[in-house]
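Please open the structure in your viewer and keep the selection tool at hand. The tour moves from the whole chain to single residues.

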Amino acid sequence: MTELQKSFISVKNGITYTYGGSQILSDNANIQRCGCGVVAAADLILYMGDVLGPSPLLLNSYNRFLKYLNKHYFPLIPRFGMNSLALTAGLNLYFRNRKLPFRAAWLVSGEKFYSNLEKQISENLPVIMSIGPNFPYFWRKNDLNLYSKINDAYIKTGSARAHFVTATGIDEKYIRISSWGRELYINRDEFTTYRHANSNSFLCNMLKITKG
């Protein structure tokens, strides 16, 4: 598996530790309900620069950082959250204000999705990706399966749609992700099928980070 070169962000919640941040643990109602994009952005920023110090982070410190990002860079529309263009714009504003030599762009075509994702992870950069909403029939409830890896077997333990996640590894069959503070997996074939049958390539894509 192509994976990040260091341990991913972890948050200490009592006696437990997350894999990446979790909107569920936020003390802000709007972030808790629809803040997956803010969490994905926070985890990317923290991994790139360890803004709050080494992982694991204390939950109250992490939640303060989420609220700071929400207020200054990633405003949320109540109940709907944030789209990929707002996420991209917020990250570019953050990079510019912090004088960081990075640029974010949301990919439009799904043609080279997996090769772009693998390349970015190989460069030690997490990948924010979107499991798009059902399109054009937004009211439908078709979900993408999410899996846990248990003794080398992939067991379905959840599903999602209209949701940002963070990819931390990829092989020929699965993408390892962080979502809701858990280490989960997406089947590549199922993601491709979901994108074509239930959503589209723009809504099911990734945020590409480049230097310069």
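The stops below begin with the whole protein and then turn to chosen elements and residues.

This is a predicted model, in which local features need pLDDT of at least 70 and side-chain atom pairs count only at pLDDT 80 or more, while totals for chains, interfaces and linings use all residues. Residues are numbered from 1 along each chain as its sequence is written, and side-chain values use heavy atoms, with hydrogens and water left out.

**The whole protein**

Select the entire protein and display it as a cartoon: six helices and twelve strands appear. Helices (H or I, at least four residues) and strands (E, at least two) are DSSP runs, numbered from the N terminus. The radius of gyration is 16 Å, close to the 17 Å given by the globule rule for 212 residues, so the protein is as compact as a globular protein of that length. This radius is taken over C-alpha atoms, and the rule is 2.2 Å times the number of residues to the power 0.38. Along the principal axes, the C-alpha atoms fill a box of roughly 40 × 35 × 35 Å.

Next, switch to a surface. The protein exposes about 10,600 Å², of which carbon and sulfur atoms supply 52%; accessible areas come from the Shrake-Rupley method with a 1.4 Å probe, and for residues only the protein chains shown count as cover. Of the 212 residues, 50% count as buried. Buried means under 20% relative accessible area, exposed over 50%, and partly exposed in between (1.4 Å probe, protein chains only).

**Helix 2**

Select residues 36-49, which form helix 2. Its 14 residues reach 20 Å from the first C-alpha to the last, close to the 20 Å expected at 1.5 Å a residue; the expected span is 1.5 Å times one less than the number of residues. Helix 2 is mostly covered, with twelve of its 14 residues buried. Among them are Cys 36, Asp 43 and Tyr 47.

**Thr 88 in helix 4**

Move on to Thr 88, in helix 4 (residues 84-97). Thr 88 is buried, with a relative accessible area of 10%. Which residues is Thr 88 in contact with, leaving aside its neighbours within four places in sequence? They are Ala 104, Ala 105, Trp 106 and Leu 207, where contact means heavy atoms within 4.5 Å.

**Phe 80 in a loop**

Finally, select Phe 80, in the loop between helix 3 (59-72) and helix 4. Is Phe 80 buried or exposed? At 67% relative accessibility, Phe 80 counts as exposed. Add Gly 35 to the selection: its C-alpha atom and that of Phe 80 are separated by 9.0 Å, although the two residues are 45 apart along the chain.
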